[in-house]
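Q: Please take a close look at one buried part of this model, and then follow the description outwards to the rest of the assembly. What surrounds that part, and how are the neighbouring elements arranged?

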Number of protein chains: 2
Amino acid sequence: MNKQSPIRNEIPRVVRLNPSDNVVVATGRITVGAPIPGEGVATTAEIPSGHKIATRAIGQGDEIRKYGQIIGFASQPIAAGDHVHTHNCAMGDFARDYAFGAEARPTEFVPETERATFQGIVRHDGRVATRNYIGIVSTVNCSATVARMVAAHFTPERLAAYPNVDGVTAFVHGTGCGMADAGDGLETLQRTMWGYVRHANCAGVLLVGLGCEVNQIRFLMEAYQLDDESRFQHMTIQDWGGTRNAVEEGIRRVEAMLPAANAARREPVSAEHLSLALQCGGSDAYSGITANPALGAAADLLVRHGGTAILAETPEIYGAEHLLTRRAPDRRVGEKLIERIRWWEDYTARNGGDMNNNPSPGNKAGGLTTILEKSLGAAAKGGTTNLTGVYKYAEPVTAKGFVFMDSPGYDPASITGEVASGANIVCFTTGRGSVFGFKPAPSVKLATNTPMYERMADDMDVNCGEILTHGVGVDEMGRRIFDLLLDVASGRKSKSEELGFGDNEFTPWVIGATM
Amino acid sequence: MNKQSPIRNEIPRVVRLNPSDNVVVATGRITVGAPIPGEGVATTAEIPSGHKIATRAIGQGDEIRKYGQIIGFASQPIAAGDHVHTHNCAMGDFARDYAFGAEARPTEFVPETERATFQGIVRHDGRVATRNYIGIVSTVNCSATVARMVAAHFTPERLAAYPNVDGVTAFVHGTGCGMADAGDGLETLQRTMWGYVRHANCAGVLLVGLGCEVNQIRFLMEAYQLDDESRFQHMTIQDWGGTRNAVEEGIRRVEAMLPAANAARREPVSAEHLSLALQCGGSDAYSGITANPALGAAADLLVRHGGTAILAETPEIYGAEHLLTRRAPDRRVGEKLIERIRWWEDYTARNGGDMNNNPSPGNKAGGLTTILEKSLGAAAKGGTTNLTGVYKYAEPVTAKGFVFMDSPGYDPASITGEVASGANIVCFTTGRGSVFGFKPAPSVKLATNTPMYERMADDMDVNCGEILTHGVGVDEMGRRIFDLLLDVASGRKSKSEELGFGDNEFTPWVIGATM
Ligand SMILES: [Ca+2]
Ligand SMILES: [Ca+2]
Ligand SMILES: [Ca+2]
Ligand SMILES: [Ca+2]
Ligand SMILES: [Ca+2]
């Protein structure tokens with residue numbers, strides 16, 4: 001167990017992460033004088049695995065680009081074939097200049113008539129769903145069991161008459177009370193609640209409270225001007241006189257929602273209606289050179305087709321926020337990112353931690369030169385297009401294109417926020433092998449390496465390890481991912497859906513003291 | 001809905017909370033000159049509902065006792081029948097003097113041969129169980145679904161051959177990664193894990209990790225010198241090559257545990273083996289005069305019979321820690337409580353909150369005079385015996401008698417800690433009507449008022465509202481609770497067990513930033 005067969009790394013020995021890069025990455029040790037296939041250069045030094053090779057001459061002070069983005073500047077002249085690392089590459093003054101919009105470029109949109117399509121479900125307000133659930137959302141742990149009991153009533157047998165309904169699912173969690181009745185903690189939780197209540201993939205939602213919790217349904221309804229309506233119902237256990245009555249009433253209300261939910265039909269819609277949550281977890285040394293950049297290529301394709309790709313996990317981009325502000329044509333978008341970064345510095349400091357994401361000695365031995373490069377290993381999932389929006393955790397994403405949503409790196413908490421923000425499909429890269437699924441959105445899992453993919457084939461949808469082991473280009477892998485996303489959005493089950501994941505992963509970010 | 005019928009409060013109009021008290025509490029407005037039944041005094045003023053009446057003369061500077069404990073001192077001479085409130089009762093210098101042990105008294109233990117017994121399950125190490133579960137504990141949210149899948153395999157049909165096993169239950173949660181790899185947060189989580197692994201009510205435990213989480217199984221085993229053994233098994237999903245393999249392996253391991261688990265037999269054991277988690281949630285104006293003091297009377301009985309009663313919910317006793325230090329014969333025990341109080345002041349301050357538990361204007365209008373009295377409304381659950389131990393959250397309780405375990409007031413997080421500390425039965429008072437159950441320990445619920453009890457009779461085990469509506473004495477109600485605890489400990493199902501609660505309430509306290 002836990003043994004990995006060695007990577008077959010004879011050919012190719014390098015990975016090119018973006019056509020505009022002036023470095024490639026060695027995927028195994030390369031001897032001095034070795035010709036680099038496809039690059040027309042030969043190494044001028046021995047190159048350790050994971051380290052960078054210049055593919056053309058780079059003048060002193062010039063940009064060094066990997067993932068199509070700046071990872072540093074030549075601190076001395078670099079020749080084609082040279083080893084590029086801390087001895088000749090540094091950040092310079094980069095970290096002091098947000099340079100809002102400096103790297104923004106016009107997006108090469110695919111003409112509307114040529115855009116990819118998928119079979120989506122168009123809701124009454126024009127939003128598009130990829131799945132068709134009824135959700136039972138608990139406001140507080142104290143109503144979790146009742147929410148589960150209501151959902152458990154709707155067995156496959158009882159739902160057989162509603163073939164267009166994907167399931168009745170409980171979204172329960174450990175928080176909702178014992179918290180301050182104002183401030184970041186409650187606001188974040190309420191945004192999350194509201195994000196599920198309004199999620200396109202929920203044909204109907206029943207919100208179940210205990211009654212006396214801090215996270216009051218009435219505050220939520222006031223904050224978001226929610227009205228009772230057939231597709232949104234709410235109730236408390238205390239109002240209904242206990243468990244049995246509440247469960248019976250909940251079942252009645254869900255039964256009343258089922259016919260309308262079952263009336264949903266899939267129809268061809270533009271890929272612009274896809275909102276893709278980007279995520280990595282259980283990362284390894286291959287994440288940054290296989291699955292993450294391949295997902296970035298897919299994200300670029302999705303953006304060019306008019307869709308939305310949501311990067312998150314603020315601690316993992318820390319120190320490289322300059323890369324994102326440079327991609328923000330709207331200065332206010334970039335400034336909102338910086339405001340979130342400052343919030344995190346305070347959040348971690350007041351909890352006795354810090355946000356240091358600098359490459360460690362081990363990172364450097366593995367070939368990572370600057371904090372920009374390290375953070376890009378995660379941020380590469382977001383591709384290369386303009387940053388069009390920055391959102392708080394669970395805040396509704398309204399922009400199209402590539403956006404950032406603030407969240408922890410912790411997978412279930414981060415994805416809960418992305419889905420609450422409106423993501424209708426999730427793409428999750430993993431090196432160690434995370435098993436994960438997330439209702440009401442389908443999740444597609446990308447393996448960073450072939451041995452793990454082979455070991456966990458039931459769990460993994462795509463083997464991005466083929467970039468190393470089969471010479472598949474990053475762009476080609478990105479196209480495969482994009483195509484699979486369209487299929488899964490159209491109703492094809494992802495691996496984690498086949499296995500039955502998604503009922504235990506709803507994890508609202510808890511901020512602040514539990515009292 | 002949410003309407004409460006008026007309390008029938010003609011007779012009796014007062015509640016005596018402890019035989020040694022020199023005040024009683026009016027349970028409805030009482031006119032001037034009214035004789036107080038059983039107390040031999042008449043009111044000298046009109047007494048609002050919830051307010052206190054002196055039952056004998058109290059000299060200036062003398063103690064005023066409610067719940068058998070000091071709630072303040074006479075700031076002027078008080079006559080029998082006087083209204084006792086802020087005009088004639090104050091804390092004085094009380095808050096500056098921990099007076100370790102000043103209120104400690106010899107416990108009137110019931111002779112060993114006369115102690116109450118229950119039908120318990122004696123484990124190989126002499127600890128005694130009240131239930132007989134096999135637990136599947138996830139280390140991290142990322143292994144929650146696999147843990148659930150293993151548990152779900154063991155349907156009632158598959159367990160029919162093991163009639164002495166109460167169930168195979170998953171304990172899953174939202175944390176375990178995205179956290180600092182040292183400090184309060186991880187230590188608290190690991191204590192909680194360890195508390196479940198070793199819990200007497202678990203005949204066997206399978207700990208399931210993903211593999212790459214911060215909350216590593218190996219760290220836990222090193223910290224607690226755990227060995228593999230037949231009743232404790234552990235595995236990770238990554239080691240076993242994904243979901244299907246891990247679930248199959250988990251099922252095999254649980255199957256291997258079942259015969260030994262089924263060999264458990266109940267036998268008569270002393271009540272000293274009961275470890276009772278005390279809790280209140282969804283409190284109301286009656287909590288402090290009905291269910292909490294009645295539970296305190298039951299806790300006193302349990303302690304006199306050699307058992308253990310665990311008070312928790314630090315924010316609710318804040319400002320009244322002096323009451324507890326005075327009950328601590330061992331100064332170090334009292335000092336540990338003060339250390340926890342200081343920790344909480346820091347914890348809430350760094351999260352932008354504070355620990356103020358002073359009576360609000362509304363509390364004062366309702367008859368609460370001092371912070372001591374207010375906090376005693378909650379702490380009354382702990383009765384009147386000596387404080388014999390103070391524990392961190394989820395720290396194993398080793399002392400007999402009345403002890404305190406540090407925790408938030410939030411019910412599921414607090415009870416998770418109490419059960420991890422070793423509690424094998426839970427008693428939960430509620431005024432608004434909390435619905436709650438907690439595997440592997442049975443939970444008994446006490447209603448503070450008759451209207452709620454009648455409205456939620458399926459959920460409530462005991463109606464402590466009878467203290468108000470039927471003139472049942474607090475001591476008598478305490479005896480009823482104690483008898484019921486013995487029955488439930490012996491295997492009688494509590495209301496929440498009949499309803500099927502307990503699979504969604506495991507909520508380890510999350511301390512610190514989620515990264
Ligand atoms: Ca990550
Ligand atoms: Ca992550
Ligand atoms: Ca309470
Ligand atoms: Ca509580
Ligand atoms: Ca009995």
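A: **A loop residue and its surroundings**

Ile289(A) is placed in the loop that runs from strand S17 (275-280) to helix H6 (291-304) of chain A. Here helices (H or I, at least four residues) and strands (E, at least two) are DSSP runs, numbered from the N terminus. The model is predicted, so local features need pLDDT of at least 70 and side-chain atom pairs count only at pLDDT 80 or more, whereas totals for chains, interfaces and linings use all residues. Residues are numbered from 1 along each chain as its sequence is written, chains are lettered from A and ligands numbered from 1 in the order in which they are written, and side-chain values use heavy atoms, with hydrogens and water left out.

With a relative accessible area of 9%, Ile289(A) is buried; buried means under 20% relative accessible area, exposed over 50%, and partly exposed in between (1.4 Å probe, protein chains only). Leaving aside residues up to four places away in sequence, Ile289(A) touches Val15(A), Leu17(A), Val25(A), Thr27(A), Tyr67(A), Ile467(A), Leu468(A) and Val474(A). Contact means heavy atoms within 4.5 Å. Between the C-alpha atoms of Ile289(A) and Phe428(A) there are 15 Å, and the two residues are 139 residues apart along the chain.

In an unreviewed entry, UniProt lists residues 21-90 of chain A as "domain: SAF"; its positions are given in the numbering used here, feature names are shortened, and annotations may be inferred rather than shown by experiment. Over residues 21-90 the chain is 36% strand and 0% helix, and its end C-alpha atoms are 16 Å apart.

Cys280(A) takes part in a metal site. The calcium ion (ligand 1) is coordinated by Cys280(A) through O and SG, by Glu313(A) through OE, and by Glu316(A) through OE twice, at 2.5 to 3.2 Å. Donors are N, O and S atoms within 2.8 Å of the metal (3.2 Å for Na, K and Ca); water is not among the atoms, so sites may look incomplete. In sequence, the donor residues of this ion follow the spacing C-x32-E-x2-E. Cys280(A) also bridges to the calcium ion (ligand 2), which lies 3.6 Å from the calcium ion (ligand 1). Of the glutamates, Glu313(A) is buried, at 1% relative accessibility, while Glu316(A) is partly exposed, at 25%.

In chain B, Glu313(B) lies in the loop between strand S18 (308-311) and helix H6 (314-317). Its phi is positive, near 65°, in a residue other than glycine, and Glu313(B) is buried, at 1% relative accessible area.

Chain B also shows an open sheet of seven strands in the order S19-S20-S18-S17-S21-S22-S23, with parallel pairing. Its edge strands, each paired on one side only, are S19 (387-391) and S23 (462-463) of chain B. Two strands pair if DSSP finds at least two bridges between them; S19(B) and S20 (residues 401-405) of chain B are joined in the parallel sense by four bridges, and Val390(B) has Phe404(B) in S20(B) as bridge partner.

Helix H14 of chain B lies across strands S17 (275-280), S21 (425-430), S22 (443-447) and S23 of that chain, at about 140° to S21(B). Axes are lines fitted to C-alpha atoms, for helices over the stretch in contact, and angles run from 0 to 180 degrees between N-to-C directions. Asp487(B) belongs to H14 (residues 474-489) of chain B and coordinates the calcium ion (ligand 5) through OD twice, at 2.9 Å.

The loop between S21 and S22 of chain B holds Pro440(B), and the peptide bond from Lys439(B) to Pro440(B) is cis, with omega near 5°. In chain A, Lys439(A) and Pro440(A) are likewise joined by a cis peptide bond, with omega about 5°.

A turn of 180° with a shift of 0.0 Å along the axis lays chain B on chain A with an RMSD of 0.1 Å, so the two copies are related as by a two-fold rotation axis. The C-alpha of Arg350(B) is the one nearest the axis in chain B, 2.8 Å from it. Copies are superposed by least squares on the C-alpha atoms of residues with pLDDT of at least 70 in both. The copies meet through the same surface, because 100% of the interface residues of chain B are also interface residues in chain A.
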